[in-house]
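Dear colleague,

I am passing on the structure we talked about, with the sequence alongside. Please look through it first, and then read the notes below, which go through what was found.

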Amino acid sequence: MFTALLAACAATIVQPSTRPFAIENGDRIVWIGSTLVEREQRYGYWELALHAAFPDKQFTLRNLGWSGDTVHGDARAGFETPAKGFKDLVKLALDLKPTIILVSYGTNESFEGEAGLPRFEKGLRTLLDALKPANARIVLFSPTPFEAVPGHVTVEQREAKNKNLEMYGRSIRDLAHERDHIFADPLTRFRNIRHPGPFTDNGMHYTARGYELTGPSFLNSLAAGGMNEKFRGESGEKLRLAIVAKNELFFHRWRPQNETYLFGFRKHEQGNNAVEVAKFEPLVAEADKEIEAIRKSLK
């Protein structure tokens with residue numbers, strides 16, 4: 001059972017939080033991470049949960065998740081090097097002038113086990129150092145747990161993988177405390193979920209249903225309070241769809257199709273079309289206004 005798995009994880013990662021998470025009016029949130037973060041923008045349930053927890057606050061959220069990524073920028077490398085991918089990530093994040101940065105890494109790195117932990121810790125420190133110019137409030141998330149899914153992850157494999165996640169989660173927790181960042185721990189907090197799984201399609205990657213059902217526990221991991229009931233049901237769904245529409249527009253702004261032809265080594269072929277990408281900015285701004293209008297109507 002998924003619940004049993006989460007309870008087992010709780011035995012090794014202590015609930016720790018430097019302070020509760022809070023959103024203030026005008027906050028600009030940037031979320032970086034790997035597949036968990038990138039997929040969230042498709043569904044918007046966790047972003048909706050943030051609005052429901054802080055119904056009186058106006059804020060924007062920009063999702064810079066990249067599937068398969070690590071703190072070293074591996075997946076973002078493209079035809080370049082991980083160092084270039086890392087540099088691009090930092091620049092993108094800083095250019096958005098965030099007041100809050102959500103950092104969600106550790107799952108992919110955990111496949112290296114104990115041997116890979118020092119490299120992960122060094123990489124996370126390097127990333128946090130690179131983000132310092134933003135002077136933003138930082139939230140470090142533990143990874144989310146694996147679950148057993150027939151044909152993908154056996155019970156035995158799940159247990160082994162989660163032991164590694166617990167180890168990496170403790171490292172993230174300790175660094176958060178050391179640097180006085182907020183630590184959010186879905187690895188243990190998700191143990192309160194009472195719905196039957198699966199929450200993922202392969203034991204690792206969350207489905208729409210998985211994000212929806214974990215929304216309250218996501219907030220719980222942040223010690224952010226509960227969801228305002230006005231943000232549930234049909235009204236909440238309207239806001240969620242507006243969030244998803246905004247996320248899609250922003251995705252096309254920062255990660256356009258045929259990027260190699262527009263900005264990369266083949267830009268000599270279609271680089272003249274690169275000017276079109278910036279035209280997404282007013283569309284994203286309008287989408288933010290739509291989100292804000294819906295939010296105000298639900299207060």
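**A buried serine in helix H6**

Let me start with a single residue, Ser171, which lies in helix H6, the helix that covers residues 155-179. Please keep in mind throughout that this is a predicted model. Is Ser171 buried or exposed? Ser171 counts as buried, because its relative accessibility is 11% and the cut-off for a buried residue is under 20%. Once its neighbours within four places in sequence are left aside, Ser171 is in contact with Leu117 and Glu121.

**The chain as a whole**

The protein chain has 12 helices and five strands, and of its 299 residues 52% count as buried. Among the contacts in the chain with a separation of 6 or more, 82% are between residues 24 or more positions apart. The accessible surface comes to about 13,600 Å², and carbon and sulfur atoms account for 53% of that area.

**Where to be cautious**

The mean pLDDT of the protein chain is 87, with 86% of the residues at 70 or more. Two stretches nevertheless call for care. Over residues 1-17 the pLDDT stays under 50, although the model has 50 contacts beyond four places in sequence for this stretch. Over residues 269-274 the pLDDT is also below 50, and this stretch has eight contacts in the model beyond near neighbours in sequence. Where pLDDT is low, the predicted coordinates should not be read in detail.

**Helix H2 and its cover**

Helix H2, residues 35-43, is largely enclosed by the rest of the structure, because eight of its nine residues are buried. The buried residues of H2 are Thr35, Leu36, Val37, Glu38, Arg39, Glu40, Gln41 and Tyr43, so the list takes in charged side chains such as Glu38 and Arg39 as well as nonpolar ones such as Leu36 and Val37. Which elements cover the buried residues of H2? The cover includes strand S1 (27-33), helix H3 (45-53), strand S2 (59-63), S3, H8 and H9. Just after H2 comes Gly44, which takes a positive phi of about 75 degrees.

**One cavity and one pocket**

The structure holds one cavity of 30 Å³ or more, and the space in the largest cavity is about 230 Å³. Of the 20 residues that line this cavity, Ser34, Leu36, Thr107, Pro143 and Thr144 are the closest to its centre; Leu36 is also one of the buried residues of H2. The lining of the largest cavity divides into 11 nonpolar residues, nine polar and no charged.

The second largest pocket holds about 290 Å³ of space. Helix H4 (82-95), helix H9 (233-254) and helix H12 (280-298) are the elements that give two or more residues to its lining, and H12 provides the largest share, four residues. In full, the lining of this pocket consists of Arg62, Leu64, Leu92, Asp95, Leu96, Phe250, Arg253, Trp254, Glu281, Val284, Ala285 and Asp288. By type, the lining of the second largest pocket has seven nonpolar residues, no polar and five charged.

**Loop residues**

Most residues other than glycine have a negative phi, and two loop residues here are worth a look with that in mind. Lys97, which is not a glycine, has a positive phi of about 50 degrees, and it lies in the loop between H4 and strand S3 (100-104). Lys97 counts as exposed, because its relative accessibility is 58% and exposed means over 50%. Asn135 likewise has a positive phi, near 55 degrees, and it is found in the loop between helix H5 (113-130) and strand S4 (137-141). Asn135 is exposed as well, with a relative accessible area of 71%.

How many residues apart in sequence are Gly226 and Ala49? They are 177 residues apart in sequence, yet 8.5 Å apart in space from C-alpha to C-alpha. Gly226 lies in the loop between helix H8 (208-221) and H9, and at 54% relative accessibility it counts as exposed. Leaving aside its neighbours within four places in sequence, Gly226 is in contact with Ala52, Ala53 and Leu219.

With best wishes

Notes
Residues numbered from 1 in each chain as written. Predicted model: local features only at pLDDT ≥ 70, side-chain atom pairs only at ≥ 80, totals over all residues. Heavy atoms only, no water. Buried < 20%, exposed > 50% of the residue type's maximum accessible area, 1.4 Å probe, protein only. Contact = heavy atoms within 4.5 Å. Areas by Shrake-Rupley, 256 points an atom, 1.4 Å probe, with all protein chains shown as cover. 1 Å grid on protein atoms, 1.4 Å probe; cavity = no way out; pocket = protein on both sides within 12 Å on 5 of 7 lines; lining within 4 Å. Points joined across faces, edges and corners; volume = space filled by probe spheres on them. pLDDT = per-residue confidence, 0-100.
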